[in-house]
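Q: Could you walk me through this one slowly?
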Amino acid sequence: MIKKNIAILGSTGSIGTQTLSVISEYPDLFQVQVLTAANNYVLLIEQARKYKPLAVVITNEKYYSVVNEALHAIGIQVYTGAEALVEVVKISSIDVVLTALVGFSGLEPTLAAIKEGKTIALANKETLVVAGALITRAAKENNVKILPVDSEHSAIFQCLVGEQSSAVEKIILTASGGPFLGKDRAFLSTASSKQALKHPNWQMGDKITIDSASLMNKGLEVIEARWLFNVDVRQIDVVIHPQSIIHSMVQFKDGSVKAQLGLPDMKLPIQYALFYPNRVENNHPRLDFDHFSQLTFEKPDREVFANLDLAYKALEVGGSMPCVLNAANEVVVAAFLKQEIGFLEMSDVIAEIMTKTNFIKEPGLSDFLEIDQVSRMYAEESVKRKRTISSTNFK
Ligand code: NDP
Ligand code: MG
């Protein structure tokens, strides 16, 4: 196999660190060329000393000098600011850009990497949620592959190997249901961020863990699937599967259903994306059917977990609406983590902002930047109002 040069955007996060751990198992097959972080300069410096990339980015300018002092002397270029992410992916020797940034911040660097013809290993689902049409069009024009890292989409991608896309009837995304599976609105109205951060099956960054508890993660994945696999919204179903062993399924025109199974461990989808189309050996733990003798399925409760419906609605409306949904969601998740609003209020704010922001049918990059800003501003105002109301209630 030829050695691949890789840039890891968001190398200090959950996906970023697991990607480095996969790469460490195959030191002759990868050369890390770029690593990036927002704030965690300590880990970024440690990673850079170990993997010796050409360049690193620390987006928070506050930490630039300490990172530069540590790495400049050993020949590593250090850059800062969000714009640097867009520049650094253009380094000509990079083959693959693995995008593990959180939220909207992934959009511009991913688009820049596509325009440079780099293969994309995509973890940052929000990029496709916000601008699926723009991103997939750019990928087509530049003959770029977008390889899914998200476990559900990796599962679907694996099920589709050797199949014709016209043979697909339906995509069935599985969802663990998160820590609040089976809970009612009364419970959720007082649920804390500490409870929401306890995911039963996966260890992930805070934002996606809250999204999993609220089922917004599954909603975002429905939109991600629409663009990755070029299917209609009506062809995408969600089923709750609490064990997280079946990572997703594809139903074909003849009624046959293919599923991909494995232990809940992101290293497998990361490895599959990095080595695609090859499968390589590893010594990760294997699925033992004696331990998982029951795989169960149930319908998601869309009334209690309103975010799933909001995401379907945003996809049906199309245009700028998924960008609005995403921006409002990023604001409410941050507010919920800071205990500024309650769990159920997250959906209320998102629904409100979706009715408020001007609609654009075919947005371009500059429209997305503006819609994101405006939606965030509206969502922040709405969060503030909710805080004022709840503090008055306590008086
Ligand atoms: P983490 O929060 O663990 O890590 C995010 C990484 O991106 C960190 O390196 C962080 O730097 C950096 N970062 C965060 N915000 C910004 C920003 N505004 N600008 C520049 N860099 C930033 O997230 P995860 O690894 O959990 O998730 C990454 C993406 O992958 C998300 O889109 C998520 O939905 C998706 N995903 C994650 C899965 C998982 O198992 N974790 C599974 C499937 C998809 P710093 O450390 O300095 O803050
Ligand atoms: Mg997923």
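A: What follows covers the ligand and then one helix.

A: This is a predicted model, in which local features need pLDDT of at least 70, side-chain atom pairs count only at pLDDT 80 or more, and totals for chains, interfaces and linings use all residues. Residues are numbered from 1 along each chain as its sequence is written, chains are lettered from A and ligands numbered from 1 in the order in which they are written, and side-chain values use heavy atoms, with hydrogens and water left out.

Q: OK, how many residues surround ligand 1?
A: There are 25 residues around ligand 1, and the closest are Thr12, Ser14, Asn39, Asn40 and Glu126, where near means that a heavy atom of the residue lies within 4 Å.

Q: And what lies 2.7 Å from an oxygen atom of ligand 1?
A: That is a polar side-chain atom of Glu126, while a backbone N or O atom of Ser14 lies 2.8 Å from an oxygen atom of the ligand.

Q: Which helices supply at least two residues of the shell?
A: Helix 1 (14-24) and helix 6 (125-141) each do so, helices being DSSP runs of H or I with at least four residues, and strands runs of E with at least two, numbered from the N terminus.

Q: Why does the ligand lie between the two domains?
A: Domain 1 (4-148) and domain 2 (153-265 + 288-316) both give residues to the shell around ligand 1, so it lies between them.

Q: Switching topic, which residues of helix 1 are buried?
A: Ile15, Gly16, Gln18, Thr19, Leu20, Val22 and Ile23 are the buried ones, meaning under 20% relative accessible area (1.4 Å probe, protein chains only).

Terms used:
Polar contact = N/O pair within 3.5 Å; in protein donor to acceptor, adjacent residues only side chain to side chain. Domains from an automatic or database assignment. Buried < 20%, exposed > 50% of the residue type's maximum accessible area, 1.4 Å probe, protein only.
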